[in-house]
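Here are a few exercises to work through with the model open. Try each task before you read its solution.

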Amino acid sequence: MTTSSQHTPVLLHEALEALNVQTDGTYVDCTFGRGGHSRALLDRLHAGGRVIALDRDLAAVSAGRDIVDERFTIVHASFADLRRVLEAVSPAPVDGVLLDLGMSSPQLEEAERGFSFRRDGPLDMRMDTSQGETAAEWLASAEERDIREVIGRYGEERFAKSIATAIVAARARGPVASTQQLAAIVAAAVRTREAHQDPATRTFQALRIYINQELAQLSLVLPQALDVLRPRGRLAVISFHSLEDRIVKQFMRTQAQRDRLPPGVPVRDRELPPAKMRVVGKPVRPSEQEVTLNPRARSAVLRVAERQ
Ligand SMILES: C[S@@+](CC[C@H](N)C(=O)[O-])C[C@H]1O[C@@H](n2cnc3c(N)ncnc32)[C@H](O)[C@@H]1O
């Protein structure tokens, strides 16, 4: 049973295999969470190995400080600052970079973080509570068309227009400040319900992605991960929804192609610089057994690429 301070790592064995761990290598865990992947990496490393972990959540960083191991370093930072963090902590090229995207179980389960429509709490939704606007603050002043755009785009929600209108009508009566208040507004605005899904699921996903700029951060970290890898170093990314996975897939495919020159430029293919990465294997999904044991793994997909 997972309690609020625990997180069951997803695709743990598969991610470690994907990283092709070298026992004296240096690995970056960009999403420490509660350290499932970091600890498993440390278990595989010898004395010369190193794990550098990042998380933008202060509670995650504090959990990381419990790991007393001279091979381990944790930094409170966004992975969008990966290059800068590594320049300060470990400037040499690294052997692997792991991203396990999305939220940790403690983030989801602790009511005061405001991520869950199942628990009543302040509508916060920031992964990094030390900075930025909360979901409640944003909803209090955003234009209706921007609310609609965010819910439609990041939630892939058909009823984005009705939901945005309902939020704007509700806030005219008083602040929309709690998770259950928002869930009730959404439930009243959504006309048909998807089987096995709460009507607020898509709206909460959308707001969380927007408030944390999750897709922009992902687009920023991928080229930095490529830059910091040594040749044959591996990038492994676990994503949890199609919007993220599309960015990862596109990035890896593009890096695995040689640069294209405009037609007519008199250069032969073999004279072009080689591709920067090689896609390793097919996307990996969790086994049925893993999904049974940990339903959160259901939508996970792991993609891997190697620097050439
Ligand atoms: C799914 S959890 C990782 C779980 C971890 N692999 C484990 O086994 O415990 C995702 C973590 O990534 C962190 N995170 C998400 N976006 C981030 C970003 N842009 N920069 C740094 N950390 C981020 C979240 O705060 C969360 O703790």
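**Exercise 1.** Find the loop that holds Val265, and work out which surface patch this residue helps to make.

*Solution.* Start with the elements: Val265 sits in the loop between helix 12 (242-255) and strand 6 (277-279), where helices (H or I, at least four residues) and strands (E, at least two) are DSSP runs numbered from the N terminus. A quick word on the ground rules: this is a predicted model, with local features needing pLDDT of at least 70 and side-chain atom pairs pLDDT 80 or more, while totals for chains, interfaces and linings use all residues. Residues are numbered from 1 along each chain as its sequence is written, and side-chain values use heavy atoms, leaving out hydrogens and water.

Next, check exposure: Val265 is partly exposed at 36% relative accessibility (buried is under 20%, exposed over 50%, partly exposed in between; 1.4 Å probe, protein chains only). Finally, Leu261, Val265 and Val267 make a nonpolar surface patch of about 210 Å². Patch residues have over 30% relative accessible area and no salt bridge, with nonpolar side chains joined within 5 Å and like charges within 9 Å; the areas are Shrake-Rupley values with a 1.4 Å probe.

**Exercise 2.** How do helix 11 and helix 12 cross?

*Solution.* Take the axes: those of helix 11 (residues 214-228) and helix 12 come within 10 Å and cross at roughly 25°. Axes are lines fitted to C-alpha atoms over the stretch in contact, and angles run from 0 to 180 degrees between N-to-C directions. Helix 11 and helix 12 are therefore roughly parallel (under 35 degrees; over 145 is roughly antiparallel, 65 to 115 roughly perpendicular, the rest oblique).

**Exercise 3.** Which parts of the chain does the salt bridge between Arg83 and Asp227 link?

*Solution.* First the contact: the closest N and O atoms of Arg83 and Asp227 are 2.8 Å apart, and a salt bridge needs a Lys or Arg side-chain nitrogen within 4 Å of an Asp or Glu carboxyl oxygen. Arg83 lies in helix 4 (residues 82-89) and Asp227 in helix 11, 144 residues apart, so the pair links distant parts of the chain. Arg83 is partly exposed at 35%, and Asp227 is partly exposed too, at 45%.

**Exercise 4.** Place Arg232 and find its salt-bridge network.

*Solution.* Arg232 is in strand 5 (residues 229-239). Its phi is positive, near 75°, though it isn't a glycine, and at 56% relative accessible area Arg232 is exposed. The network links Arg232, Arg234, Arg278 and Glu306.
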